[in-house]
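Colleague: I'm new to this and I'd like a close look at one part rather than a quick tour of everything. Please pick a part, walk me through it slowly, and link it to whatever else helps.

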Amino acid sequence: MATNLVNVESVGKVYGTRALLDGVSLGVNEGDRIGVVGRNGDGKTTLIRILAKLEPADDGRVTHAGDLRLGVLTQHDSLDPAATIRHEVIGDLADHEWAGDAKIRDVLTGLFGGLDLPGFPQGLDTVIGPLSGGERRRIALAQLLIAEQDLIVLDEPTNHLDVEGISWLAGHLRARRSGLVVVTHDRWFLDQVCTRMWDVQRGAVHEYEGGYSDYVFARAERERIAASEEAKRQNLMRKELAWLRRGAPARTSKPRFRIEAANALIEDVPPPRDSAELMKFANSRLGKTVFDLEDVTVTAGPKVLLKHLTWQLGPGDRIGLVGVNGAGKTSLLRALAEAARSEGEQQPAGGRIVVGKTVRLAYLSQEVAELDRNLRVLEAVEQVRQRVDLGKGREMTASQLCEKFGFTKEKQWTPVGDLSGGERRRLQILRLLMDEPNVLFLDEPTNDLDIETLTQLEDLLDGWPGSLVVISHDRYFIERTTDRVLALLGDATLRMLPRGVDEYLERRQRALAAAAPAAAAPAKQKTGEQAARQRSAAEQRAAKKELQRIERRLDRISEQESELHARIAEHATDFTKVAELDTQLRELTGERDELETRWLELAEDA
């Protein structure tokens, strides 16, 4: 029987006049992998903070197993800004100790791309203070994953990770034996990692078996049973359910409830998008030319990101753009946006971009545009337009579109300055769509958005007729909203991937495997003068033997240090004996430092 790690009994939590949690009772057992979902502000983070005893509950009780080893990743790290990455992640371990630990090597390679931390100026010896929030978050995650834990609690761990990093993290967590409770908006990640789901809604927490896809099925079935009229069935959950059921068989595990009922629920639901109809409408709005790139070169300072690129973005194309960080995804969109703003007069470093005469571009960048903090939400939207044409005779007022994006009638009169980061992101997307663009560039649109809002955005994009390019690390969103995936793999070219994100990850793995032998070689080739000083084969053999001798002695020193610590504790009241033992301990420490220095010298020679 699985060991119980955490019990939450009749817990309540109130902020102001709002009850975030009301009489919630839950349990976490050994080996559980639980995903926590719900709208922003409904209490997901509060729930896991109370579960981890980082925040007290107003009512009820939270109990932990007596010897519970708990690791928590919050949205704000506690790293020492004056410390180095080495100190915070690896601690006092000697180089030969941590480099010989497969777990540490796996975490450093998976989160940072290599043992030498290629993205940081001084590698492991980089000081944490000047680093960005995303870099600090990866360091905090590495620190947590390297330690041994019985239960890991993670709040948005996929933020600031690219597609490869998210894929690695999913595999790493699946392989761990520790329990897991994770809050994330990444639905692919939830499907890969979780075996149970907690849905936080209006003070209550509903439990479901399985990953995200199973949760969608089960929740839709639950709402079907509870519904007493047809209107109740007309919701976004049914549409997403239909897409999941018609998707690849590998997308979801077998549902754990009556599958016949789920099929009955979606039998009259059309496909999410009528691609032929949308393409026809897009052609009428855009004509034949949207963006034509001829022999284009894109640069960032002295670095060439793309060269000799010939590509066409046509009317109605829905493109997902993936690639390694720094490969030029955002730079490519910016080059296209600059050409559109200047009506083709602003051109890239090389080649030519032709922009269609009818193009109306909306570009959602990663930076949230600043708005007048004193404006109400509805006023900020009506500044752009009071009504919007969604095509095929559909029209919405600014207020109706606000409601579709989660801004209730009351919330529409909230000042912009009082909105959360996710709400401001929603407002930014809403204002873009109100301007009735026919070409849409979305750069990381899923940042700060909860799953329900993402579903609403996907539903809106399903019926949006125009050309769409999405950059995102959320592969679920890419697969859900686009028809083709293109990749920048860091070699200054743009490639089409017929099998989408899976093919991208396979290509990246092959590239990393091919680069591994080269990376194992010395970072710098020896010059002729250095080669002349290279040790003979006999000297190298001698160095290897001495390395082995030093390693055996270091192991023996570790044993002796443990024995001395035990004896010091045993004679804690005998100050003379403690002083004698402390002297011996200091001598061993000095010898260990000398041996480790010698080990590093010999390792380079051998």
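**A close look, starting with the sheets**

Modeller: Let me clear one thing out of the way: a search of the whole structure turns up zero disulfides. Keep in mind that this is a predicted model. Two of the cysteines are worth a glance anyway. Cys194 has a relative accessibility of 6%, so it counts as buried, since the cut-off is under 20%. Cys402 sits at 0%, so it is buried as well.

Now for the part I'd like to dwell on, the sheet of six strands. It is an open sheet, and its strands come in the order β14-β17-β18-β12-β19-β20, with mixed pairing. Try tracing that order with your finger on the structure. At the edges you'll find β14 (361–364) and β20 (494–497), and each of these pairs on one side only. Going from one strand to the next, the twist averages 20°.

Let's zoom in on one end of it. Strand β19, residues 484–488, runs antiparallel to β20, and four bridges join the two. To see one of those pairings, find Val485: its bridge partner in β20 is Leu497. There's also a helix lying against this sheet. Helix α13 (residues 329–341) packs on it, touching β12 (318–323), β14, β17 (439–443), β18 (467–471) and β19. The direction of α13 makes about 150° with that of β14.

Just ahead of β17 there's a little oddity. Glu436 lies in the loop between α16 (421–434) and β17, and it has a positive phi of about 50° even though it isn't a glycine. Why point that out? Because most residues other than glycine have a negative phi. Glu436 is partly exposed, as its relative accessible area is 23%. Leu117 has a positive phi of about 50° too, and it isn't a glycine either. You'll find Leu117 in the loop between α4 (102–112) and α5 (133–146). Leu117 counts as buried, because its relative accessibility is 0%.

For a second sheet to put beside the one we started with, go back towards the start of the chain. Three strands form an open sheet there, in the order β2-β1-β4, and the pairing is antiparallel. Here β2 (18–29) and β4 (59–64) are the edge strands; each has a single partner strand, so one side of each is left without a neighbour in the sheet. Neighbouring strands in this sheet are turned by 15° against each other on average, ignoring direction. Strand β1 (residues 4–15) is antiparallel to β2, with eight bridges joining them. One pairing to look for is Val14, whose bridge partner in β2 is Ala19.

One last stop, this time on a helix. Glu164 belongs to helix α6, which covers residues 163–175. Is Glu164 buried or exposed? It's buried: its relative accessible area is 16%, which falls under the 20% cut-off. So what does it touch in there? Leaving out residues up to four places away in sequence, Glu164 touches Val324, Tyr504, Leu505, Arg508 and Leu512. With one of these, Tyr504, its side chain makes a polar contact of 3.3 Å, side chain to side chain.

Technical notes:
Residues numbered from 1 in each chain as written. Predicted model: local features only at pLDDT ≥ 70, side-chain atom pairs only at ≥ 80, totals over all residues. Heavy atoms only, no water. Disulfide = S-S within 2.5 Å. Buried < 20%, exposed > 50% of the residue type's maximum accessible area, 1.4 Å probe, protein only. Pairing = 2+ DSSP bridges. Axes fitted to C-alpha atoms, helices over the stretch in contact; angles between N-to-C directions. Polar contact = N/O pair within 3.5 Å; in protein donor to acceptor, adjacent residues only side chain to side chain. Contact = heavy atoms within 4.5 Å.
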